[in-house]
Amino acid sequence: MSTETRSHRDTSAVGRFPSVTLKSEEEKKDLEDNNAEKENACRQWLRKVCPCCCNKPKDDDITDTVVTVIDDLEKEEGRNGKKPVIGDSQLEDLLLKVRSIDLMKSKSGQNHTEHYTNLYQSDNFIIRRGQNFQMWITLSRPYNPSSDKLHLELKTGPLPTVSKGTHVIIPLVEELEDHRWEATVVKQDDKRIHLSVNSPPTAVIGRYQLTVETNCTNGRAVSTHDPANDIYMLFNPWCEEDTVFMDSEEERQEYVLNDVGRIYYGTQNQIGVRTWNYGQFDNGILDACLFVLEKSGTPSSGWGDPVNVVRVISAMINSVDDRGVLEGNWSGDYSGGTSPTVWSGSVEILKNYHKNNGTPIKYGQCWVFAGVVTTVLRSLGIPSRTVTNFDSAHDTDVSLTTDVYLDENLEPIECLNSDSIWNFHVWNDCWMARPDLPPGNGGWQAVDATPQETSQGTYRCGPASLAAVRNGHVYLKHDSAFLFAEVNSDKIYWQRKVDGTFAKIYSEEKTVGHFISTKAVGSNERNDITHLYKHLEGTEEERIAVETACSYGSKAGAYSSPTAKDISIEVTVDNEGLTMGRDAELTIVLQNSSSEQRTVILYSQVAVMYYTGVHKATCRKDSTEIDMLPKEVKRLEWTLEYKDYKDQLIDHASLMLTLSGKVKETQQVLATQFAFRLRTPDLIIKPIGKAVVGEKMAVEISFTNPLPQKLKAVIFHVEGLGLLTARKINYGDIGSRASVSLTEQFVPTLPGPRKLLASLDCKQLTQVHGVTDITVKDKSNAAL
């Protein structure tokens, strides 16, 4: 239909509507006569009652209006009394509508670089709370601040609520203020406006849906939600007002932005290390981390508090009571899943959990749980690190002591010895303020996702302030008592008496919590952080902390004045350590510090142990009587032959030598335990060819079987961030003492320094792995 512009008087009749019917001159005269009658009857009375609201029309009251010429059929319908209909599209043309939203997502752009989110391998818009971000909005017409209104709306969670902080209305203001959701117009370019948007440092983290609402004199319009414009909000260690703020840039680079780390294992005398791919920036990992939070069923309104988020993650990384990410398995039988020693990183675990809609991944042990926790926390923006404690106690009765029960003959009573000391245990530290605790308890907090004991009915642990653990303040939340026992409990030996009761016969004060280790900032060195968890062993401060902690335990009366000792016992191993497939040779050192002769009855028992300290099988038991001259130091060579342990070893090849005894002359009781690990060989990885993005290269993986027996059904596992996704290679059998090599080809996808990891797994041998550094060049720079 065609349109023409006409002038009309009395805009109250027409002019608001673009679609009106043109009348003939005769019809217009009739209409004017009718209007005159109405004027006489109604309008005159109204004008008398309220002259300000009902003025008499003037001849010069003229407005230009767009009028639509309609066809004869429409005219006829108009004459039959039907009202003209206004089209929706015509009404919408009068509204201020959003045509497009540009969140300026470029990896090298202002938003991602200023928010330190440019490393995420994703097209999503990822920012950190507590600082502003930039965006462009294209409208249907130029924005007029005097007559138009505009605000942004963000919604997160299943039931967004304004009062809970999950439905956010962001108004336009003249000038931004800190700690508030606000936006301001920075620049206007015809129909486009450039906004600077601010978020508070307490904002809920997660995925927000973004819409824009506009209001003008012609009505209200709301933009359609586009998932491509969803906003991922993270914690912000660069923001001083955020509770996860970390002051050191070097530490932020390590504990937030480093996607590769090192995890320590073994024993305090033989510390092993393996490289772990955290991969927190890998495509799909952030979505998987948010999926873990959603799967917990906790309200998203609590996701602004890092204490709460860490507690949720601690529970959700294990599957015991909430179908979390990883199913633990310490049995040695990993059929139906992946052996924990095979994993080299978190990416495959988290992606498969997300892909399978929350089906727990089989299987994990402590270092796997801890590696995944580091990935999740770093991905969400919480500074974190993986920590290993050697000789880590597991207190099962809240006594804050590690109790060993012996019978009348000084034999261990296995059914009562539920407390254990793990050769090593791996958990996490995360960094945050603790406004919920007394001042001085912020900073590093311990969190443990390995399911050991329940906390408030759920298998989780922490966050526990390291300052509280160090000072024995075990009454401070969360789970400080359990963490204290892990790193600083005394080992107390109890002997059963004839009447069935138990008496304390001996205590060891320095058996738990050694060489607490994490990767150093900016290097691959081991950083000993024991001093953060406890005062120096034997100092008055350390003893005060122990006594303070144990006063809240279930066996506070176990402490008495120490008795004099003139016979001491210790176990040593040579510097080269013990090797898998060989006889294990140790030295027992007895020292008589008295000026009199002593006779010692010594019992020895060696057992294969799970690294958790749980007994699997006894390999050998001995007893001997030893005469000691005054001031004599006696060294006893002790050997465990390969044939005695080869059929019992599992996972970490850990053994425990338990020595107990009594001095005939003084009735002094001797007791000590010594854990040792049989070292396995490394995989040797050698790159072949140039490393260039998009071009094929290869690595050669070499290995020598250290055992005098065949390795059956050997599996190699290879992966590397930016190099190749995780692969499993079914190699087959490897003969006794045989050397093998295999070549694996791949195409690098990301430039820069990269690490390629490989591991070997079979029933006869585990904990075999290797790593190599590969610097990948951009294709454009490859020729330089």
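The chain contains 14 helices and 42 strands, where helices (H or I, at least four residues) and strands (E, at least two) are DSSP runs numbered from the N terminus. The model is predicted, so local features need pLDDT of at least 70 and side-chain atom pairs count only at pLDDT 80 or more, while totals for chains, interfaces and linings use all residues. Residues are numbered from 1 along each chain as its sequence is written, and side-chain values use heavy atoms, with hydrogens and water left out.

**The whole chain**

Display all 784 residues: 51% of them count as buried. Buried means under 20% relative accessible area, exposed over 50%, and partly exposed in between, with a 1.4 Å probe and protein chains only. Among contacts with a separation of 6 or more, residues 24 or more positions apart account for 68%; a contact means heavy atoms within 4.5 Å.

**Helix H6 and its surroundings**

Select residues 285-295, which form helix H6. Because 8 of its 11 residues are buried, H6 is largely enclosed by the rest of the structure. The buried residues are Ile285, Leu286, Ala288, Cys289, Leu290, Phe291, Val292 and Leu293. To see what covers them, add strands S4 (125-128), S10 (206-216) and S12 (231-234), together with helices H7 (306-316), H8 (347-355) and H9 (366-380), which are included in the cover. Just after H6, Gly297 takes a positive phi of about 80°.

From the covering elements, keep S10 and add strand S11 (residues 219-222); the two pair in the antiparallel sense over 4 bridges. Two strands pair if DSSP finds at least two bridges between them. A hairpin joins S10 to S11 through 2 residues, and Asn215 stands opposite Arg220 in S11.

**Charges over rings and an aromatic cluster**

Select Arg192 and Trp136: the charged end of Arg192 sits over the ring of Trp136, 4.0 Å from its centre. The criterion places NZ of Lys or CZ of Arg within 6 Å of the ring centre and within 35 degrees of the ring normal. Next, select Arg385, which lies over the face of Trp444 at 3.8 Å from the ring centre. Trp444 also belongs to one aromatic cluster with Tyr255 and Trp431.

**Aromatic pairs**

The structure holds 17 aromatic pairs. Rings of Phe, Tyr and Trp (its six-membered ring) pair if their centres lie within 6.5 Å; planes under 30 degrees apart count as stacked, over 60 as edge-to-face and the rest as tilted. Tyr405 and Phe502 form one edge-to-face pair, 5.1 Å centre to centre with 80° between the planes. Since Tyr405 lies in strand S18 (residues 402-406) and Phe502 in strand S25 (residues 502-508), the pair ties together parts that are 97 residues apart in sequence. Tyr405 counts as buried at 15% relative accessibility, whereas Phe502 is partly exposed, with a relative accessible area of 26%.

Move to Tyr642 and Tyr645, an edge-to-face pair at 5.2 Å centre to centre with 90° between the planes. Both residues lie in helix H14 (residues 642-645), 3 residues apart, about one turn of the helix. Tyr642 is buried, and so is Tyr645.

**Asn441 in its loop**

Select Asn441, in the loop between strand S19 (420-432) and strand S20 (443-448). Asn441 is buried, with a relative accessible area of 7%. A polar atom of its side chain lies 3.5 Å from the backbone nitrogen of Ala468. Beyond neighbours within four places in sequence, Asn441 is in contact with Arg434, Ser465, Ala467, Ala468 and Leu476.

**An open sheet**

Select strands S28, S30 and S33, which in that order form an open sheet of 3 strands with antiparallel pairing. The edge strands are S28 (567-572) and S33 (633-640), each pairing on one side only. The twist averages 20° from one strand to the next. S28 and S30 (residues 584-592) pair in the antiparallel sense over 6 bridges, and Ser568 stands opposite Gln591 in S30.

**Val768**

Finally, select Val768 in strand S42 (residues 768-776). Val768 is buried, with a relative accessible area of 1%. Its contacts, leaving aside neighbours within four places in sequence, are Thr680, Pro681, Leu683, Phe703, Ala758, Ser759 and Leu760. Adding Thr341 shows a residue that is 427 residues from Val768 in sequence and 8.3 Å from Val768 in space, C-alpha to C-alpha.

Methods
Axes fitted to C-alpha atoms, helices over the stretch in contact; angles between N-to-C directions. Polar contact = N/O pair within 3.5 Å; in protein donor to acceptor, adjacent residues only side chain to side chain.
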